[in-house]
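Here are a few notes to read alongside the structure. Keep the 3D view open and turn it as you go through the points.

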Amino acid sequence: MENLVYIALFAPFVSSMFAALFGMSPKQTYVGIIASMLLFVSFASSVTLAFTIYTTGTPIHVTMMEWISAGDLTIPFGFLVDQISVTMMTVVTLVSTVVHIYSIGYMDHDKSFNRFFSYLSAFVFSMMILVMSDNFAGLFIGWEGVGVCSWLLIGFWYHKADKTREENPSISPSWAANEAFIVNRIADLGMLVGLFILYWNVGSLQYDVVFAELPNLSGSVLNAAAIALFIGAMGKSAQFPLHTWLTDAMEGPTPVSALIHAATMVTAGVFLVIRANPLFGMEEVAGVSFFIASLGTFVAFYAASMALVERDLKRIIAYSTLSQLGYMFAAAGLGAYWIALFHLAAHAFFKALLFLGGGNVMHAMHDELDIFKMGGLKKVMRGTWLYMGIASIALAGLPIFAGFYSKDAIIETAFNEGTYLLWFMLVLTAGMTAFYSFRQIFLSFHGEERYKAFGFHPHEMYKFVLVAMSPLAALAISAGWFMDDFKEFVYKGIPEYEMSHHTHHIAWLLGLLVVVVALSGIILAYYKYARTGAKAFKRDEKVEESFIYKLLKNQYYVPKFYEEFLTKPYAMISEKLWTTVDMKIVDASVDGIAKFLYKTGDSSRKMQTGNLSHYLNWMAVGSVALLLVAAISAMLG
Amino acid sequence: MYEIVAFYLFSVLTIGLFLVTVLSKNVLYAMTSLAAGMVLISGFFFILGADFLGVVQLVVYVGAIMALYSFAMMFFDATRDIKEKNTNPALVFILGGLSAFVLVLMFAAPIHSDAIVALYPMHDGIGNAQDVGMVLFTKYLIPFEVAALMLLVAMISGIILAGKKMDLSLTEDTSADDEIMTKKDEK
Amino acid sequence: MIGLSHYLIVSALIFSIGLVGVLRRRNLLMLFFATEVMLNAVNIAFAAISHYYNDLTGQMFAFFIIAIAASEVAVGLGLLILLYKKYGSLDLDDLANMKG
Amino acid sequence: MLEPINVSLESLNLITLAPMLIAIAGGLIILVLDLINNKLDKSLYVMLTILMLVVDFGAVLGLNVNERGFFDVMLIDGISIISQLMIIVGSIIFIPLALTSKRFHEYSYPEFFALFLFMIAGFQFMVASDNLILIFVGLETASLSLYTLIALHNRSNSYEAAVKYFTMGALSAGFFAMGSAVVYALTGSVELYKVAEVLATRIDEPGLMIAIFGSSVLLLVTFSFKLSLFPFHTWAPDVYEGASAPLAGYMSVVPKVAAFVVAIRIFGMYIDLGVEWVRIMILLLAVLTMTLANLMALVQEDVKRMLAYSSISHAGFIMAALALDTTEGTVSIFLYYGLFMFTNLGAFAMLWISRHKNRRFNARYDHPYEKFAGFIHIMPIGAMIMGLFMLSLAGVPPFSIFWGKIYVMQAAVNSGYIWLAIVMGLNSAIAAYYYLKLIVYMFLKDPVKDVDTIYYNLSKPLMAVIGLATVATVGAIFYVQPLISYLYYMISASGY
Amino acid sequence: MDNILSVLIFFPAIAGLLGFVVDKESARAYGITVAAIEFFLSLWLWFSFDATNAGMQYVEMIPLIPDFGVSYYLGVDGISLFIIVMAALMTLIGMMSMSITKNVKNMIITLLFLEMTMMGVFVALDAIIFYLFWELSLVPMLYIIGAWGGPLRVYASIKFFLYTFAGSLIMLVGMLFMAYVYHNLTGVWSFAITDWYALVLPVEYQLWLFAAFFFGFAIKVPMFPFHTWLPYAHGQAPTIGSVILAAVLLKMGTYGFVRFSLPMFPDASVMMITPIAILAIIMIIYTAMVAYAQKDIKQVIAYSSVSHMGIIMLGIFAMNAEGISGSVFQMLSHGIVSGALFMLVGVIYDRRHTKLMSEFGGLATVMPKYAVIFGIMLMASVGLPLTIGFVGEFLVLLGFYQISPIMTILAGTSIIIGAIYMLAVYKKTFFGPITNEANKTLKDLDRKETWSLIPLVLIVVWLGVYPKPILEPIDNSVKAMLVFMEEKAITQEAKDVIIVAKSTEGGI
């Protein structure tokens with residue numbers, strides 16, 4: 001089994017290195033194919049491992065070698081395949097494999113085709129390390145690794161020039177990449193601090209040691225550790241206020257958005273909370289956990305609200321991702337870790353599908369993303385329409401589809417925990433989710449064919465791509481059906497969470513309510529956007545001028561705020577520090593000493609007039625002064 | 001009593017003459033007063049019983065040194081008034097005054113001690129010259145010889161410095177070996 | 001009664017006069033006169049101390065000072081002659097080629 | 001009637017006079033040779049001088065420590081022997097610089113060499129006595145010779161230098177005489193050991209402190225002049241500039257060693273007597289000297305003048321060691337000068353070989369910095385060697401002066417004068433600037449003009465001298481140990 | 001070969017002397033060969049080094065000035081071993097990548113002498129010998145900056161020299177005082193560091209001595225506010241000069257702290273933790289911000305060096321094995337990474353003769369290989385895990401957390417602001433469209449450049465993934481040092497702060 005662990009882990013690495021070999025040469029289709037195959041190998045291993053774990057119920061733990069060892073600190077490269085990680089592994093490798101295959105088609109015309117695969121596989125490798133590591137430091141490797149790959153991939157089209165924020169809210173791919181990396185680093189610092197707290201209180205960073213030691217730690221330490229780790233999670237999972245990078249990350253190629261910024265990397269924060277559930281589940285840190293849940297709920301609502309008015313196809317999906325991450329945190333914060341994990345998996349499938357579908361649309365529309373310029377695409381892109389429809393239904397949480405099960409469970413949990421405000425918000429958000437998902441679907445695939453006015457000639461994606469997407473579609477539909485099996489499976493590694501009897505009884509009622517809310521959202525969207533002819537959608541100036549619309553459109557002015565109050569002052573202070581403090585104070589004082597000495601020398605050389613009489617005078621001055629001092633000091637004793 | 005009179009007389013006169021030496025604009029006056037002052041100083045020596053020293057003072061100073069100065073003065077043609085621009089006479093006199101003040105203060109201290117035993121005492125009833133000779137040619141024979149060396153040095157120095165050979169400086173003579181270099185410089 | 005201090009004070013005064021001379025003279029020849037004054041002042045002191053201590057060392061010192069003064073005059077005048085040949089004057093204000 | 005005095009020849013201990021007599025004899029031989037044949041070449045005289053000095057050296061080596069001779073006028077103690085040795089070695093290594101490829105005026109006189117030897121004899125008398133009279137006479141003998149030697153370079157700057165030096169020297173002689181008179185008045189003696197004895201009994205007499213201080217001040221003025229301490233240093237830069245490079249280099253070492261010996265004897269006595277005031281004054285002068293001279297050296301345009309100021313600064317450095325009045329302090333004085341001698345020899349020799357008869361680079365200076373611009377391209381080895389000397393002067397290890405420097409600083413630290421050590425350290429840092437300036441010119445700038453003639457005055461003997469200086473500078477680390485142990489032995493043997 | 005340390009010191013020196021004879025055209029090959037041999041010698045030292053022995057190895061001792069306690073005393077332990085290897089490596093790589101065409105021979109000879117001094121500093125166990133090489137190292141560097149540097153080269157080189165010189169002279173006074181104290185207590189003169197270790201000093205003495213040594217080391221590091229010579233030196237130096245300066249010469253300062261300050265003055269060191277940490281944090285944050293404001297790529301890297309040296313300083317004063325080992329490791333990593341970064345800047349400077357970021361943009365398109373290697377080094381510089389930069393930084397921050405969580409968080413901002421300026425440089429230089437015509441025809445890395453950089457890339461990855469072979473000997477020596485410090489400390493406070501690793505308790 002150990003070998004399988006390594007195969008699952010290193011197949012993406014091999015793939016990445018292989019592709020990197022051709023990184024600077026022109027497109028080689030086989031690079032993509034081989035990379036995809038290696039990814040599939042990884043997926044297969046993961047599935048096998050999952051099956052093994054499922055059957056035996058015992059986690060597999062391997063230690064490859066020692067990494068860092070100093071003082072009392074020992075960090076190995078150790079890998080733990082248990083219920084949590086194997087779930088993640090399977091999801092990650094599955095989505096990755098699909099995305100790899102998809103990319104062969106999507107990146108078809110890109111001259112940096114090979115490089116793309118190298119990055120993509122490297123990302124998968126990092127993600128695998130993240131989920132498989134048996135210690136926090138290993139997790140951090142993956143954590144930073146995915147960050148870097150995300151940086152590379154967001155900035156994949158680095159050659160694009162910077163634009164103003166009005167023209168392009170993300171400015172440029174390279175700008176977005178840097179933003180993502182830096183914001184993530186802010187969170188990573190929190191994570192590091194969490195690691196330090198754990199190390200100095202426990203003496204190790206191994207999960208098992210740390211978790212075993214937790215009950216012996218004081219409440220303040222636990223709280224500090226939990227907060228610090230959660231700050232880390234907030235960055236990676238783009239929780240408010242560190243969320244802005246995620247929408248900007250849409251500057252990357254769409255497969256990247258699908259894989260990284262929807263299905264896998266952004267869920268790393270959720271994964272961390274789930275992984276560290278012994279910590280977050282403790283009585284002492286209930287406050288932190290509740291904060292997590294509240295923040296999750298807030299972000300769910302907050303992101304959904306921005307999606308309501310967004311016109312950019314990918315950004316809408318990005319907001320929905322943000323929103324769904326909020327759901328996951330809500331669940332995790334409320335202690336329903338398995339539900340969070342389940343939603344994470346289900347979300348991965350349908351969100352990846354949604355993004356890939358979006359990618360198809362982009363491909364068809366020559367990278368045009370404004371849904372107001374689309375409409376009626378259903379006719380030319382039936383397959384894509386279908387996939388995106390499925391994904392959107394799943395996202396909206398209609399019954400039978402995956403999203404229904406997982407999201408409904410989260411909403412139920414909120415009710416179950418008695419946090420009715422959260423529950424209400426989550427229900428409301430579910431309705432908004434349905435509305436904006438279908439707004440997007442209707443605007444792009446239904447209604448008038450507005451694209452014609454702009455001279456687009458959309459066409460369907462390659463067949464093999466559509467075929468490759470099918471597993472995701474299947475899972476987007478069916479994943480929820482295995483909820484109970486999944487529960488049973490993960491219960492061996494995760495604290496159980498069951499609804500109370502009361503909740504259980506009214507579960508159907510709650511579910512129904514959610515469905516009703518979601519359906520009304522869809523219907524509203526249909527009425528507003530899907531109809532053709534006279535009732536076709538028209539933009540309403542009045543609405544677009546309203547304060548709410550603008551607020552939402554400008555993302556509550558948060559990016560603007562960051563720019564005005566963080567970025568610009570930082571640049572300004574830096575400049576001042578350099579020109580004023582460093583040059584004019586620190587350096588000038590050093591030079592000032594030198595200059596002072598030089599000046600003193602220059603003025604004291606004036607005593608050297610060359611005139612003998614002056615010299616004699618100096619001599620006399622010296623002797624008389626000495627004599628006077630002698631007389632005075634003798635007088636004084 | 002005569003000693004007191006002589007002391008004050010000599011003091012006032014020497015001080016006066018030396019002041020002339022120092023302050024006079026005329027070299028001749030200065031030199032003459034210097035010579036006169038030195039003669040009077042030998043007077044001090046005689047009062048103090050240092051007869052031999054007094055004689056030496058007369059012979060060497062007034063005789064030899066002043067003669068040398070006179071010759072030099074003739075050589076330099078310095079009989080006319082010397083124009084000296086003194087930038088800050090105040091400083092000079094303050095310095096002089098202060099040094100006089102401190103030195104006087106110092107000498108006014110009870111320097112004289114009866115406890116001090118003479119190492120080379122003068123002998124009563126023996127002439128000063130004899131006493132001096134005794135010490136000079138035993139204890140101070142070496143300094144005496146070195147003084148001879150010093151005078152030799154002074155003599156050689158005087159001769160070669162004033163000699164004709166100094167008129168043409170080899171140090172600044174670039175005729176022989178610097179032609180090429182001058183040409184190069186010109187380029 | 002004239003004590004040692006009297007002589008010493010006279011010596012000090014003459015010494016200071018010499019010093020003033022050294023400081024204010026611009027003509028080198030006359031400057032040399034001033035140095036002679038200083039040395040003579042010291043000679044008075046030595047002779048006086050010698051007298052009051054009844055010790056001959058002072059006279060020895062004075063004797064050597066006279067020798068030194070004589071040698072200095074020889075060398076000094078030699079230098080002055082050189083200088084005079086070169087500059088045609090003995091004013092030390094002309095003598096400020098090197099400075100700074 | 002006076003009794004006739006019977007003196008046995010043994011009690012005179014005439015051997016103590018042998019070294020000086022050899023030097024004097026050498027001078028006389030040269031004079032006689034010149035009388036016989038006045039066409040003899042300077043190389044003969046140089047070699048003769050060296051030979052006499054070698055014999056002189058041998059005679060000094062043969063002396064026993066702590067002996068007195070000739071009615072106790074001569075004093076052969078440890079510092080007298082080592083200082084005589086240093087004076088002789090210094091003279092031996094500087095005199096071959098006369099063997100230049102171009103003719104300079106002073107070396108056309110056989111008398112130059114005679115005077116040179118007389119001067120050495122004068123210095124030797126000066127250091128080999130504790131009798132103020134002999135010290136004075138020796139000092140004047142040497143000084144008068146030195147004034148003449150400077151003037152013999154025979155150009156206006158050298159006259160100016162000689163006159164300035166002479167006049168100020170005459171004034172300082174006045175101060176020395178006056179100081180001696182005060183000492184004599186205080187103690188009835190001019191022999192330092194006796195002075196110390198008497199002063200020790202009189203030190204507590206009321207009202208006498210002013211005279212004791214006064215006597216020390218008058219003597220201090222003289223030696224501050226000789227050792228070029230601020231503000232009595234004003235002659236030094238001009239004299240160094242006016243004198244020929246070999247003589248300037250020589251002056252920065254040998255006369256100072258001699259003066260230091262006397263200063264050690266005199267001021268060591270005061271400090272030992274508990275006149276702490278003298279120590280404070282010396283320290284004050286020393287610190288002022290090293291700092292101000294350094295600052296003035298910073299702004300110089302001429303290398304030789306810069307080296308003059310640097311010599312002043314070094315003297316200040318060592319004066320501080322003198323104020324410590326400990327065995328280490330005294331050892332460090334000699335160690336420092338022993339090491340300084342070779343480096344300075346090298347530096348001035350380098351100036352000497354690049355000396356032109358007319359000033360080709362600057363209207364006033366012989367050795368302006370510009371002259372050495374791009375030296376590395378013209379004369380790489382020469383530039384490198386000059387660089388070594390500069391680094392050594394700056395106190396960069398492992399070159400010779402560094403060892404002297406740390407020994408001085410160690411001596412300061414050992415006596416509890418940590419602030420002094422820090423001041424010394426900071427001064428070394430300031431000093432580094434002007435040494436670096438030359439290095440910068442030599443290595444980092446491009447040649448000014450007509451570059452191939454810088455080493456104008458070079459000759460084989462000069463190369464040998466520079467080679468010797470280089471070896472001594474670079475290899476200092478290997479002979480510092482024997483030097484220290486010898487110095488320490490000699491100095492502690494004579495009770496300093 | 002028990003005297004391998006002497007060989008390491010004098011081989012380059014002798015080679016430098018012989019280099020005068022070598023013809024100009026062949027000087028480069030000569031230099032590279034010598035440096036390679038030196039590097040292999042250092043590798044030999046490493047392989048024959050006993051990693052389990054925490055003490056000094058290959059000790060050589062020849063009394064030079066016994067009366068004064070100065071001896072030629074060399075030795076190597078885990079702390080110095082790798083700096084030596086790195087110094088040899090960076091000299092070799094620097095020479096390989098050297099693009100200077102003017103006076104190559106002089107440069108080679110200078111570099112060889114510089115190598116001698118670097119070796120000397122890190123193997124010296126006698127304070128005077130240490131000081132000797134310390135000062136001597138300034139001279140070749142002065143020449144390198146001054147002779148091959150930019151327009152302000154003379155100013156920069158003199159500033160570099162004088163600043164460091166002034167600081168080290170104060171340190172020298174400290175050394176002399178130390179020797180004096182040693183003499184007072186034992187009656188023997190000694191400058192041997194190991195002898196000094198044995199000295200238990202009163203706290204007051206420790207503080208003064210610490211201060212004296214601090215000046216010497218802090219200026220070299222360079223710590224805020226003594227850092228301003230560095231941007232000039234780097235800005236003006238030729239590539240090779242910057243490489244060696246950043247890689248090795250700066251490490252002398254931090255090495256000095258580890259070798260002298262900590263073990264000799266444990267109580268003072270503990271008392272000075274807070275002030276030094278504050279300075280270090282200022283260094284980290286302030287210089288990182290200043291770096292962000294720079295227009296010149298090389299200046300950015302120069303300031304980033306200061307920032308990283310702040311991390312190293314912080315680690316040294318963590319007073320536990322994690323921090324100090326991390327710090328020593330970070331010295332190596334910073335050496336490699338900043339060396340590589342300076343080489344990379346040199347690459348573009350050679351092509352365009354400018355280092356201003358505004359001149360560039362979109363270089364990734366025309367110079368992909370260059371962009372990749374720059375990217376890797378950038379990531380190592382910002383401390384990406386699995387690169388060499390992470391290990392040290394992580395350990396340092398981890399270690400210092402024990403001292404003060406708040407300060408650690410402040411210092412930890414380096415991972416953020418480090419990323420900010422580095423990514424800004426990368427974006428401005430490599431990303432975006434090519435706006436400057438001159439950049440359109442730039443050639444990618446040539447063979448020479450590639451082959452000098454590849455080894456560094458490999459090391460960056462290798463030591464990021466598997467730092468054990470290096471970390472272990474370092475850690476052993478550091479642990480031994482901490483045990484020693486804990487025993488030696490007088491005050492209970494110091495004993496409490498110094499954390500001896502559990503794994504060494506009762507041991508050694």
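1. Let's start with who touches whom. Of the 8 pairs of chains that touch, chains B and C share the most contacts. Bear in mind as you look around that this is a predicted model.

2. Some chains don't meet. Chain B and chain E have no contact joining them, and their closest C-alpha atoms are 27 Å apart. Chain C and chain E don't touch either; there the nearest C-alpha atoms lie 24 Å apart.

3. Chain E does meet chain A. How many residues does each chain bring to that contact? Chain A gives 40 residues and chain E gives 50 residues. On chain A's side, the elements giving two or more residues are β1 (60-70), α5 (136-154), α6 (173-202) and α24 (558-604). The largest share there comes from α6(A), with 13 residues. Sort chain A's side by residue type and you get 23 nonpolar, 8 polar and 9 charged.

4. Now pick out chain D, which has 21 helices and 2 strands. Its radius of gyration is 22 Å, close to the 23 Å that the globule rule gives for 496 residues, so chain D is as compact as a globular protein of that length. If you drew a box around its C-alpha atoms along the principal axes, that box would be roughly 75 × 60 × 40 Å.

5. Staying with chain D, 72% of its 496 residues count as buried. Take the contacts in chain D with a separation of 6 or more: 81% of them are between residues 24 or more positions apart.

6. Zoom in on helix α18 of chain D, residues 400-414. Does its length fit, or what should we expect of 15 residues? At 1.5 Å a residue they should span 21 Å, and the end C-alpha atoms are 22 Å apart, which agrees. All the way along, 15 of the 15 residues of α18(D) are buried, so this helix is largely enclosed by the rest of the structure. After α18(D) comes D:Gly416, with a positive phi near 85°.

7. Last stop: a hairpin in chain E, formed by β1(E) and β2(E) with 4 residues between them. The two strands, residues 57-65 and residues 70-76, pair in the antiparallel sense over 6 bridges. Which residue of β2(E) is the bridge partner of E:Pro63? That would be E:Ser71. In the turn, look for E:Gly69, which has a positive phi of about 80°.

How values were computed: Residues numbered from 1 in each chain as written. Chains lettered and ligands numbered in written order. Predicted model: local features only at pLDDT ≥ 70, side-chain atom pairs only at ≥ 80, totals over all residues. Rg over C-alpha atoms; globule rule 2.2 N^0.38 Å. Buried ≥ 20, exposed ≤ 12 C-beta atoms within 10 Å, placed from the backbone. Contact = placed C-beta atoms within 7 Å. Nonpolar A, V, L, I, M, F, W, Y, C, P; charged D, E, K, R; others polar. Expected span 1.5 Å × (residues − 1). Pairing = 2+ DSSP bridges.
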